[in-house]
Amino acid sequence: MTSAESVFHLALRDFHATAGATFGLHNGWSLPLSYVGVPEEYEALRGRAVVFDRSDRSRFLIAGTDALDVLKTVFAGHVEEIEEGRAMRTVSIGDDGNIADLVLIARTGGISYFVSGEPGRRTDTSARLRRAVAPGFDVQIDDRTETTCLLGLAGPAATEVVNNHLSEALPARLQTLQCATFEFHGFRTLAVRTSDTGEDGFEFVLAPAVAQHILETLRDARVPLAGPRGDEDLHRGLPGGRVAILGAVPWIERDHWPWHHRRPPRVSRPGD
């Protein structure tokens, strides 16, 4: 990703343009809105599977003997209960008591974690993480947002697609909110079994060149691309998409939040 005049561009922008993407600005990023039309992409998501380039989401690698203490300071919930090879969704809370970021935390090793957050919240979350590092802490915070890509694959046939075209062993290794590394044509890739579309899904963190190779492989397998922004707006039913809930949900006292269910607070909408 490169920055010009405060606009970020996906590392694979040229690939998306060649695939027919229509671009628009969202949270400082130039992103594909759709390729053939949001209704058609929605139909493909519900009917089989689609792939998204979600590289506008922030990505941090946090490692060290004090990494867990940093995460516990910044994020709500029982982060200490994340076992190696597992992941959870949680939030960071701003000084005003509202949700500042929605994140996925995956424990990739004994003292190593991967954190993915909302577009537009990268700077704030990075600052919170670094402020949580006390003197003498053994922890390294590595911002990988501009050096990696994040691809999402979702749909009722997501497992079939991964099994047939990416890694035959991977779906059997991963249950929901589990993570593992695998090799794709000799390149190491992090996979998390997760989806926020209501369908089965996976997210992959990988180098840009490997991400393009996967997109080409899925294209040849007739798995269509879908615009990440248009997709969220359409099937979330939230004005403005996922980001609409950020800053809109007051903090609930931790003892009264059912974190053991790993669910964020419910957002009331007109008609509920």
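# Exercises: sheets, helices and hollows

G155 sits in the loop between β11 and α5 (158-165). Helices (H or I, at least four residues) and strands (E, at least two) are DSSP runs, numbered from the N terminus. You're working with a predicted model, where local features need pLDDT of at least 70, side-chain atom pairs count only at pLDDT 80 or more, and totals for chains, interfaces and linings use all residues. Residues are numbered from 1 along each chain as its sequence is written, and side-chain values use heavy atoms, with hydrogens and water left out.

## Exercise 1

Find out whether G155 is buried or exposed, and list its contacts beyond four places in sequence.

**Solution.** Step one is the cut-offs: buried means under 20% relative accessible area, exposed over 50%, and partly exposed is in between (1.4 Å probe, protein chains only). G155 has 0% relative accessibility, so it counts as buried.

Step two is contact, which means heavy atoms within 4.5 Å. Skip the neighbours within four places in sequence, and G155 touches L45, R48, A49, E199 and D200.

Step three is a distance: G155 and S195 are 40 residues apart in sequence, with 8.8 Å between their C-alpha atoms.

## Exercise 2

Work out the strand order of the sheet that contains β5 and β11, then place helix α7 on it.

**Solution.** Start with the rule for pairing: two strands pair if DSSP finds at least two bridges between them. In general, strands of a sheet pair through backbone hydrogen bonds, either parallel or antiparallel.

Now trace the order. You should get β5-β11-β14-β13-β12, an open sheet of 5 strands with antiparallel pairing. Its edges are β5 (50-53) and β12 (179-184), each pairing on one side only. On average, neighbouring strands in this sheet are turned by 25° against each other, direction ignored. (For angles, axes are lines fitted to C-alpha atoms, for helices over the stretch in contact, and angles run from 0 to 180 degrees between N-to-C directions.)

Zoom in on one pair: β5 and β11 (residues 149-154) are antiparallel over 4 bridges. There, V50 has A154 in β11 as its bridge partner.

Last, add the helix. α7 (residues 208-220) lies across β5, β11, β12, β13 (187-192) and β14 (201-206), at about 25° to β11.

## Exercise 3

Do the same for the sheet with β6 in it, then say which residues of α4 are buried and where they point.

**Solution.** The order here is β7-β8-β9-β6-β10, again written for an open, antiparallel sheet of 5 strands. β7 (87-93) and β10 (140-143) are the edge strands, each with pairing on one side only.

For a close-up, take β6 (residues 58-63), joined to β10 by 4 antiparallel bridges. A63 stands opposite Q140 of β10.

Next comes α4 (residues 122-131), which lies across β6, β7, β8 and β10 and runs at about 15° to β6. Its buried residues include T125, S126, R128 and L129. They're on the same side of α4 because they cover an arc of only 160° around the axis (the arc is that of the directions from the helix axis to the C-beta atoms). What do they pack against? The buried residues of α4 pack against β6, α3, β7, β8 and β10. Turned away from that buried side is the face with the exposed residues T123 and R131.

## Exercise 4

Describe the largest cavity and the second largest pocket.

**Solution.** Definitions first. On a 1 Å grid over the protein atoms alone, a cavity is a set of points where a 1.4 Å probe fits but cannot get out, while a pocket is an open set with protein on both sides within 12 Å along at least five of seven lines; lining residues have an atom within 4 Å of a point. Grid points are joined across faces, edges and corners, and a volume is the space filled by probe spheres set on the points.

Searching the whole structure gives 3 cavities of 30 Å³ or more. The largest has a volume of about 60 Å³. Its lining includes F52, G152, S195 and F202, and β11 gives the most to that lining, with 3 residues.

The second largest pocket holds about 250 Å³ of space. Of its 13 lining residues, L61, R144, T189, L190 and V205 lie nearest its centre. β13 gives the most to this lining, with 3 residues.
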